[in-house]
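Student: I should like to work through this structure with you, one question at a time.
Tutor: Certainly; let us look at it together.

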Amino acid sequence: MNKVFLVAGLAAAAGLLAIGGGASDSWAAQLDATIIPTADTSPFKMSYLKTIHIWYENGGVLVDELQGNDITVSGQYDSSHPDVQSLIERLNAAILQSGSQVSISDMDVDYTFALYGGDERASLDYKIILVGELVNYVITQDTQKTLVDLGWRGLSVDGSVIIDGQEINDPFTFVADNLPVTRDTISGTAGERIFDEYLLNADFVLEQPLENWHFLFDPTGINVDAGTFGLGDEISGFVKSSWTMGESNLQQGRQVERIEEEIIMVDQEYVVKSIQSPDQGNLNIIGYGVIDVLEGVEIAGVTSTAPRTTATGDFPIMIIYGMAGMAAVAGIAFFFVSNRALKNEKQGQQGIDPTHLVGYQTSSASGGYQTNRGEAQLKGDVDYQKTRSHYEQDPTRQQQQSESSSRAPV
């Protein structure tokens with residue numbers, strides 16, 4: 001377990017597959033943790049990943065060293081190793097400096113650095129995984145609420161980190177130790193800047209306020225048939241509060257890849273490019289959690305019953321339920337009133353009652369025919385001229401019609 005393996009050829013290719021095939025872009029940092037307020041320790045996992053590409057499509061001295069060359073350096077150590085203990089102390093010092101009282105009690109370190117040399121570019125993949133236990137995360141606790149410290153999230157270390165003789169925090173060390181031509185070609189150029197950022201960096205996970213993280217409750221643990229889901233004892237009878245970050249939304253804004261690129265000219269033109277996807281976080285707490293701030297440190301108030309506010313503390317849950325209820329009542333009232341109005345609507349003839357109308361003749365006899373034309377008008381309106389219709393003929397047209405009618409053959 002406490003050995004470093006330097007593997008080439010097919011064995012290296014197998015290692016590359018395990019970390020994504022040597023060509024995929026990766027997250028810069030990813031946090032996964034579950035806080036159990038009733039337990040003395042809680043598990044966490046922090047992954048740091050980075051990919052750097054070197055293009056040599058124009059040929060040059062890098063082709064002979066990188067093209068077709070596969071190298072993997074890996075190691076796995078637990079807290080019994082003094083170098084791991086030293087790293088734990090440095091992480092705890094960084095947590096304390098951020099204002100948090102939480103500390104790491106136990107931790108394993110697993111790292112894999114790999115080179116995959118393609119026809120036109122080489123990919124350098126870096127992966128470090130820290131798996132451990134957190135302690136001292138409960139600030140206060142009573143019969144109603146537990147205050148949990150969440151200010152430990154930025155697990156970052158600056159400077160050199162040596163684990164059993166292997167530098168794991170400086171990306172360029174892997175190049176310097178295994179690729180001397182590449183080291184000499186890039187050293188002192190703008191391309192070396194791409195390797196400057198330390199691998200153990202999770203600052204953004206802490207800098208992104210928890211109120212901007214996506215929040216939800218998972219009530220599976222309090223279901224009557226919760227046992228059928230294979231839940232652990234720690235969640236049985238409780239809900240789980242979850243905060244996640246890394247996706248683009250209105251709260252977190254648009255999350256984009258961080259891309260850095262430098263073009264260097266040595267014997268040929270080379271491109272050194274670093275690509276990192278947004279940091280991600282998955283933070284779970286057993287119980288109902290409400291985010292707050294205590295002396296500049298983000299905390300969560302955890303209860304076993306539903307809180308009065310959401311994760312941001314801004315909008316009461318009862319108001320949400322009340323609004324939903326009011327919408328339902330309003331909908332029922334709308335349909336009730338509409339149905340009642342429909343039933344009260346009169347059927348059959350609408351408009352003026354026929355008994356209030358009187359008829360007036362508007363034409364007289366013509367030749368041997370008697371044509372009766374008339375209009376209806378409201379009773380009491382004696383001035384018929386006010387309501388004349390276009391059917392009534394003027395005297396000139398009546399005379400013309402009469403003469404035409406008399407000349408017609410009988």
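Student: Which residue in β9 is the bridge partner of Val138?
Tutor: The model is predicted, so to speak of local features pLDDT of at least 70 is needed and side-chain atom pairs count only at pLDDT 80 or more, while totals for chains, interfaces and linings use all residues. Residues are numbered from 1 along each chain as its sequence is written, and side-chain values use heavy atoms, with hydrogens and water left out. Strands β8 (residues 138–141) and β9 (residues 146–149) run antiparallel and are joined by three bridges, where pairing requires at least two bridges found by DSSP. In β9, the partner of Val138 is Val148.

Student: How many residues does the hairpin use to join β8 to β9?
Tutor: Strands are DSSP runs of E with at least two residues, and helices are runs of H or I with at least four, numbered from the N terminus. The hairpin joins β8 to β9 through a link whose number of residues is four.

Student: Why do the buried residues of α3 lie on the same side?
Tutor: Buried means under 20% relative accessible area, exposed over 50% and partly exposed in between, with a 1.4 Å probe and protein chains only. In α3 the buried residues are Val84, Leu87, Ile88, Leu91, Asn92 and Ile95. They lie on the same side of α3 because they cover an arc, taken from the directions from the helix axis to the C-beta atoms, of only 140 degrees.

Student: Which exposed residues does the face of α3 turned away from its buried side carry?
Tutor: Helix α3 spans residues 82–97. Its face turned away from the buried side carries Pro82, Glu89, Leu96 and Gln97.

Technical notes
Expected span 1.5 Å × (residues − 1).
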